[in-house]
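Student: I have a structure to go through at the bench. Can we take it step by step?

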Amino acid sequence: MAQVLLIEDDPAIRGALIRGLTERGHAVDSAAAALPGLESAVTNRPDLVVLDLGLPDLDGTTVLRMLRGVSAVPVIVATARDDESEIVAVLDAGADDYLVKPFSAAQLDARIRAVLRRTGDAVADPAVVVGGLRVDPRAREASLDGVALDLTPREFSLLHYLAARSGQVVSKRELLTEVWQLPYGGADKTVDVHLSWLRRKLGETAQEPRYLHAVRGVGVRISAPQG
Ligand code: CA
């Protein structure tokens, strides 16, 4: 799942974590001291580094600063002591998360996945693509076959909500709650009117839908046109 570099001098802990992370599908490289660990981080470009703070050659904060000088790789630090000032110092020095020993490989794996999710989201393109439709929530822009759609804010929100759930039928009640923020009221008619405007802007009709499919008595679904 991820390429992990484990920098840990205790052979028992190192062995147990390598085993546990490998069992959970990660590819693990390891180093028993800071300097070979830094070298491996530069050469092997791991997805994430697990760094023990109590290493024989350099203290953890120094290692972290050196690592940050050459790489933006996510780092989870492992500390033996529940030492608040040290934890604060390493988080300030650029660590993404920390674990206090003893911890299990399962706990570490959960942290690894959480950190990668978080750091991955920051760089990933958030745009939703359904067929020729592209909806970018960050820029609040939508296009169809490369042509920008001129949508009102409500139409944009409606389109994004549906496109993010493409292939699923979404009820009008859910749309009123999530898009209109009207959990206890609001008429289905409101949704119908906006859907018909959206349809027109997408160049289709209820009789001959391409993207927006009404599912009678249930709601509406976006899906890419077939063929
Ligand atoms: Ca240690």
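Tutor: Start with one cut-off: a residue is buried when its relative accessible area is under 20%, and exposed when it is over 50%. Keep in mind that this is a predicted model.

Student: Is Val90 buried or exposed?
Tutor: Val90 is found in helix 4, residues 84-92. Its relative accessible area is 0%. The cut-off for buried is under 20%. Val90 is therefore buried.

Student: Which residues is Val90 in contact with, leaving aside neighbours within four places in sequence?
Tutor: Arg65 is 25 residues away along the chain, and its C-alpha atom is 8.8 Å from that of Val90. Contact asks for heavy atoms within 4.5 Å. The contacts of Val90 are Leu53, Thr61, Leu64, Val77 and Ala95.

Student: Which protein atoms are donors of the calcium ion?
Tutor: The donors follow the spacing D-x42-D-x1-G along the chain. They lie 2.2 to 2.4 Å from the ion. They are Asp9 (OD), Asp52 (OD) and Gly54 (O).

Student: How many residues apart in sequence are the parts that Asp9 and Asp52 tie together?
Tutor: Asp9 and Asp52 are both donors of the calcium ion. Asp9 lies in the loop between strand 1 (3-7) and helix 1 (11-23), and Asp52 in strand 3 (residues 48-52), so the pair ties together parts that are 43 residues apart.

Student: Is Asp52 buried or exposed?
Tutor: Asp9 has a relative accessible area of 30%, so Asp9 is partly exposed. Asp52 has 3% relative accessibility. With a limit of under 20%, Asp52 counts as buried.

Student: What does the UniProt annotation say about Asp52?
Tutor: Leaving aside neighbours within four places in sequence, Asp52 is in contact with Ile7, Glu8, Asp9, Ala78 and Lys101. The UniProt annotation comes from an unreviewed entry. For Asp52 it reads "modified residue: 4-aspartylphosphate".

Student: What span should helix 1 have?
Tutor: Helix 1 has 13 residues, taken at 1.5 Å a residue. Its end C-alpha atoms are 18 Å apart, which agrees with the expected span of 18 Å.

Student: What arc do the buried residues of helix 1 cover?
Tutor: These residues are Arg14, Leu17, Gly20 and Leu21. They sit on the same side of helix 1, because the arc around the axis is only 140°.

Student: Which exposed residues does the face turned away from that buried side carry?
Tutor: Start at the N-terminal end, where Asp10 caps helix 1 with a side-chain oxygen 2.9 Å from the backbone nitrogen of Ala12. The face turned away from the buried side carries Pro11, Ala12, Arg19 and Glu23.

Key:
Residues are numbered from 1 along each chain as its sequence is written. This is a predicted model: local features need pLDDT of at least 70, side-chain atom pairs count only at pLDDT 80 or more; totals for chains, interfaces and linings use all residues. Side-chain values use heavy atoms; hydrogens and water are left out. Donors are N, O and S atoms within 2.8 Å of the metal (3.2 Å for Na, K and Ca); water is not among the atoms, so sites may look incomplete. Helices (H or I, at least four residues) and strands (E, at least two) are DSSP runs, numbered from the N terminus. Buried means under 20% relative accessible area, exposed over 50%, partly exposed in between (1.4 Å probe, protein chains only). UniProt positions are given in the numbering used here, feature names are shortened, and annotations may be inferred rather than shown by experiment. The expected span of a helix is 1.5 Å times one less than its number of residues. The arc is that of the directions from the helix axis to the C-beta atoms. A polar contact is a pair of N or O atoms within 3.5 Å; within protein, one must be able to donate a hydrogen and the other to accept it, and residues adjacent in sequence count only if both atoms are side-chain atoms.
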